[in-house]
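Student: Could we go through a protein structure together? I would like to learn how to read one.

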Amino acid sequence: MKQSLFAVFSIIICSFLLSACAAPQTMRPHGTNAEIMAEQIKQSEVALKRLVNDSRHVQKIGHPILAKNTNFCGEDVAIDYGFSIWNIYDVGVNYKIAADNIYSLGENLQVFQVIPNSPAAKAGLKRGDKVKSVNGTPFPYGKGASKKYHKIIRNKKENKKASIVINRQGIEKTVNLTGKEICHYPLMVTESDVVNAYADGDYIYITRGMLRFIDTDQELALVIAHELGHNAMGHIKKMKQNAVTGAIAGAILDAALGTSGFSNMGSDIGRMSHSIGFEQEADYAGMYFLKRAGYSTNGAANFWRRMAANNSSSINRRSSSHPSSPERFVDINKTHDEIMAKVKAGKALEPELKPKTEFVKTNKNRGALND
Ligand SMILES: [Zn+2]
């Protein structure tokens with residue numbers, strides 16, 4: 001891309017030098033500033049709607065994966081009511097006018113998504129409801145409110161009952177909900193075009209590049225389950241322990257899942273030991289998480305054939321941090337066989353652990369494998 005831009009730039013410079021007076025010859029219509037600004041708002045609205053739809057879809061597909069695997073999430077289990085929230089500070093600066101126009105998004109947290117058949121759905125909560133208080137405590141408000149909310153939820157373990165006061169189009173209503181346990185790793189969509197997904201121990205991120213690449217709900221579920229594998233197995237903490245250089249692993253980037261297109265952050269992480277083993281472990285545990293959430297594991301490995309067709313550099317070699325795509329395809333298929341044998345035998349669907357290891361449930365280890 002850079003090269004071709006440079007080429008275009010050079011050609012323009014050359015023609016300028018050869019003939020300084022040369023200029024476009026056509027009489028073209030041109031919009032006024034006001035017209036262009038109006039169109040700018042329109043396009044922001046179209047783009048925001050698409051981003052919101054993408055995010056809601058990710059939450060819908062990912063919710064069962066987080067809800068059905070709480071056994072493996074240690075202390076990161078929270079009470080969930082089946083709705084997510086946002087306010088104006090959760091959208092980029094270019095979307096603020098659009099968010100106000102389409103969703104009347106302001107300082108108050110409002111309901112972003114309601115998961116089908118969840119306690120929130122059954123209680124009649126709707127997208128756009130403004131949340132005022134929970135069990136008599138006012139809801140966070142203004143800048144940073146979403147993060148504050150997630151902190152409150154993360155620390156709320158005991159009381160599953162919630163009495164929530166909402167405001168729907170000016171009318172206050174009280175909604176009573178009984179929550180269920182969930183792995184508290186909120187699913188985030190980032191605007192990057194790189195085919196990527198990552199986990200940082202607190203959240204799971206999927207890029208829009210990845211969403212464009214993904215072909216089916218099963219593929220999306222596979223990616224989310226893999227990232228849950230990183231968080232649930234405590235990989236961030238272990239990579240920090242393994243970091244010889246003192247570089248800090250902020251997140252596990254599955255950048256292009258084996259391409260050379262790593263960011264600086266990615267290459268720091270890539271230097272750390274055991275990374276490929278962690279990737280294989282996230283693939284392995286992720287397949288169990290997928291099946292436990294009610295998704296089929298049959299044919300899930302095909303994701304890696306499609307990925308290879310998209311990015312052939314992963315076919316013949318491992319990257320510094322990720323297995324090759326043929327390795328991943330073969331291992332995931334073998335995991336599918338292992339899972340199906342357990343289903344047939346009526347055995348519990350749990351990843352096989354090395355002897356003398358167990359899932360530990362302490363806050364520090366975040367359900368990591370103690371080996
Ligand atoms: Zn990974």
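Tutor: The discussion below takes this structure part by part. Please keep in mind that it is a predicted model.

Student: Let us begin with the overview. How many helices and strands does the protein chain have?

Tutor: The protein chain contains twelve helices and twelve strands. Of its 371 residues, 38% are buried. Among contacts with a separation of 6 or more, 68% join residues 24 or more positions apart.

Student: What is the distance between the end C-alpha atoms of helix 2, and what span should it have?

Tutor: Helix 2 covers residues 33–67, which is 35 residues. At 1.5 Å a residue it should span 51 Å, and its end C-alpha atoms are 50 Å apart, so the two values agree.

Student: Where in helix 2 is the kink?

Tutor: The kink is at I61 and amounts to about 35°. The proline P64 follows shortly after that point.

Student: And which residues of helix 2 are buried?

Tutor: The buried residues include S44, L48 and V52, and further along V58, I61, H63 and I65.

Student: I65 is on that list. What does I65 touch?

Tutor: Leaving aside residues up to four places away in sequence, I65 touches A221, I224, A225, L228, F289, L290 and A293. I65 is also one of the residues with the most contacts inside the largest nonpolar core, together with A221, I224, L228 and L290. That core has 48 residues. It draws at least three residues from each of domain 1 (78–183) and domain 2 (187–345).

Student: What other core lies apart from it?

Tutor: Another core, of 19 residues, lies apart from that one, and W86, A120, V131 and Y149 are among its members.

Student: Back to helix 2 for a moment. Is A67 buried or partly exposed, and why?

Tutor: A67, which belongs to helix 2, counts as partly exposed because it has 18 C-beta neighbours inside 10 Å. A buried residue would need 20 or more. With residues up to four places away in sequence set aside, A67 touches D80, K180 and I182. The C-alpha atoms of A67 and K180 are 8.0 Å apart, although 113 residues separate the two along the chain.

Student: What about K173: where is it, and what does it touch?

Tutor: K173 is in strand 7, residues 171–178. K173 touches I166 and R168, again not counting residues up to four places away in sequence. It is partly exposed, since 13 other C-beta atoms lie within 10 Å. From K173 to V131, 42 residues away along the chain, the C-alpha distance is 9.8 Å.

Student: Now the strands. Which strands pair with strand 11, and in what sense?

Tutor: Strand 9 (residues 187–190) pairs with strand 11 in the parallel sense over four bridges, and L187 stands opposite I204 there. Strand 10 (residues 197–199) pairs with strand 11 in the antiparallel sense over three bridges, where A197 has I206 as its bridge partner.

Student: Which way do the residues of strand 11 point?

Tutor: I204 and I206 point one way, whereas Y205 and T207 point the other way, and all are buried.

Student: What is found in the hairpin of strand 10 and strand 11?

Tutor: Four residues lie between the strands, and G201 has a positive phi near 90°.

Student: Which residues have a positive phi without being glycine?

Tutor: Among them are N117, at about 65°, and N135, near 45°. Most residues other than glycine have a negative phi. N117 sits in the loop between strand 3 (110–114) and helix 4 (119–122), while N135 sits in the loop between strand 4 (130–134) and strand 5 (137–138).

Student: Are N117 and N135 buried or exposed?

Tutor: N117 is exposed because 10 other C-beta atoms lie within 10 Å. N135 is exposed too, with 11 such atoms within 10 Å.

Student: One last topic. How many residues of helix 10 are buried?

Tutor: In helix 10, 14 of the 18 residues are buried, so the helix is largely enclosed by the rest of the structure. Helix 10 (residues 275–292) reaches 25 Å from its first C-alpha to its last, close to the 26 Å expected at 1.5 Å a residue. Just after helix 10, G294 takes a positive phi of about 95°.

Conventions:
Residues numbered from 1 in each chain as written. Predicted model: local features only at pLDDT ≥ 70, side-chain atom pairs only at ≥ 80, totals over all residues. Helix = DSSP H or I, 4+ residues; strand = E, 2+ residues; numbered from the N terminus. Expected span 1.5 Å × (residues − 1). Bend = angle between axes of the 7 residues up to and from the residue. Buried ≥ 20, exposed ≤ 12 C-beta atoms within 10 Å, placed from the backbone. Pairing = 2+ DSSP bridges. Core = buried A, V, L, I, M, F, W, Y, C linked by C-beta atoms within 7 Å. Domains from an automatic or database assignment. Contact = placed C-beta atoms within 7 Å.
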